[in-house]
Amino acid sequence: MRNNQRQKDIFYSIIIFCSVFSINFLIQRYFAAQALVPMIFVFGVFLISLKTHGYCYGIISAIVSVFAVNFAFTSPYYVFDFVVEESILSAIIMLVVAISTSALNIRIRDQEKLRAESEKERMRGNLLRAISHDLRTPLTAIYGSCSTLISKYDALSREQQIKLMKEIQEDSEWLIRMVENLLSVTRIDGAKVAVIKTPTVLDELIDSVIMKFSKMHPEQRIITRIPDEFIDIPMDSLLIEQVLLNLLENAVFHAKGMTELTLSVSVQGDKAVFEVADNGCGLSNEMLNGIFTGSFERTAAPIDGTRGNMGIGLSVCAAIIKAHGGEICAENRSGGGAVFCFSLERGDDYDGQ
């Protein structure tokens, strides 16, 4: 990363200096405006100091500019003569400009870095607040069911025992998925692990998602609409599966009154667009404003004991899609319900049809 930045700074400095030198050469040859030469070099030093990182590039460009002005644009031409007062004054001015501009640039970058860190900490705080009630509810349920089984095992019928153990299993599975979501957020935000994309066949991806979803929610039917032609999309298939599962589960948990759940994929130019739509209660304006950041807050845990994992789940979805270079959005449908959609690039090998 640092090598790339260093190469960019060197390239930018060379381009600016060569441009300034060429402009001054044209001014000297075709116009009677010799006094503009030092000013243009000062402006070039200012641009280099402004766009590069650290003091080095600005100071070096100032020194080189002084030599250039003295050698090519000060009489006697093409001879170094530093006794001339103009050369000494130009050197001082350019060094002052380079140092002051670089110092100001470093201060601005430090402030931006601090602001970004502060924003990241704020988002982490919002994320923790968003999942506090979600984690407490299943843990309390698991603890209560285990306590009941231990203290009243002989008094419970077999059906009651199986029911309590099934509830423990369901809450444990939900907690596992919650932890997987949190780990995914850490992985994507860590910037140390890059998303490795491999061509994935769309039919196989959708079949895998439907199979996993049906195991968790066998009672919920999904309507699928995908293109008939063969389509492969570069992606991390496990992460995209997690996105689709999160979106489908959010519909099951939160779309009250839903009778129809649809998963569709369409091809639009060089992008594949995924949509998860329901005909439930839709989304409030409060949710729409911060639904992918986990920034909307719940004042209390759901009184009916339902799981409210929309904030963390959709934060994960947004992070994964962003890491893939795609976009994700949510909106209410005109006929009722909500639709979540995201797009992925099909890569360089799509046929353009």
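**Exercise 1. The salt bridge**

Is E241 buried or exposed, judged by its relative accessible area? Decide this for the predicted model shown above, and then describe the salt bridge to which E241 belongs.

*Solution.* Begin with the accessible area: E241 has a relative value of 8%, and since buried means under 20%, E241 is buried. Next, look for the partner, which is K212, whose side chain meets that of E241 in a salt bridge with 2.6 Å from N to O. Then place both residues: E241 lies in helix α7 (residues 237-254) and K212 in helix α6 (residues 202-216), so the pair ties together parts that are 29 residues apart in sequence. As for the surroundings of the partner, K212 is partly exposed, with a relative accessible area of 33%. Finally, count such contacts in the structure as a whole, which holds 1 salt bridge.

**Exercise 2. Two helices and their spans**

Which span should α7 have at 1.5 Å a residue, and how far apart are its end C-alpha atoms? Carry out the comparison for helix α3 as well, and consider how each helix is covered.

*Solution.* The expected span is 1.5 Å times one less than the number of residues, so the 18 residues of α7 should span 26 Å. The end C-alpha atoms of α7 are 25 Å apart, which agrees with that expectation. Turning to helix α3 (residues 56-72), its 17 residues reach 24 Å from the first C-alpha to the last, close to the 24 Å expected. For the covering, α7 is mostly covered, with 13 of its 18 residues buried. In α3, the buried residues include Y57, G58, S61, A62 and S65, and V66, A68 and N70 are also among them.

**Exercise 3. An aromatic pair in α1**

What kind of aromatic pair do F17 and F21 form, given the distance between centres and the angle between the planes?

*Solution.* A pair of aromatic rings is described by the distance of the centres and the angle of the planes. A search of the whole structure finds 4 aromatic pairs, and in the one formed by F17 and F21 the separation is 6.3 Å centre to centre, with 35° between the planes, so the pair is tilted. The two residues are 4 apart in helix α1, which means that about one helical turn separates F17 from F21. In terms of accessibility, F17 at 21% counts as partly exposed, and F21 at 29% likewise counts as partly exposed. The last step is to widen the view, for ring pairs link F17, F21 and F41 into a cluster.

**Exercise 4. The second largest cavity**

Which residues line the second largest cavity, and which helix gives the most to that lining?

*Solution.* The structure holds 2 cavities of 30 Å³ or more, and the second largest has a volume of about 30 Å³. Its lining is made by I16, F17, V20, F41, G44, V45, I48 and S65. To see where the lining comes from, note that α1 (2-30) and α2 (36-51) each supply at least two of the residues, while α2 gives the most, with 4 residues. Sorted by character, the lining divides into 6 nonpolar residues, 2 polar and no charged. Two of the lining residues, F17 and F41, have already appeared in the ring cluster of Exercise 3.

**Exercise 5. Sequence and space**

How many residues apart in sequence are A323 and I196, and what is their distance in space?

*Solution.* First place A323, which lies in helix α9 (residues 310-323) and is partly exposed, with a relative accessible area of 33%. Then compare the separations: A323 and I196 are 127 residues apart in sequence, and 10.0 Å apart in space from C-alpha to C-alpha.

Key
Residues numbered from 1 in each chain as written. Predicted model: local features only at pLDDT ≥ 70, side-chain atom pairs only at ≥ 80, totals over all residues. Heavy atoms only, no water. Salt bridge = Lys/Arg side-chain N within 4 Å of Asp/Glu carboxyl O. Buried < 20%, exposed > 50% of the residue type's maximum accessible area, 1.4 Å probe, protein only. 1 Å grid on protein atoms, 1.4 Å probe; cavity = no way out; pocket = protein on both sides within 12 Å on 5 of 7 lines; lining within 4 Å. Points joined across faces, edges and corners; volume = space filled by probe spheres on them. Nonpolar A, V, L, I, M, F, W, Y, C, P; charged D, E, K, R; others polar. Phe/Tyr/Trp six-rings, centres within 6.5 Å; stacked < 30°, edge-to-face > 60°.
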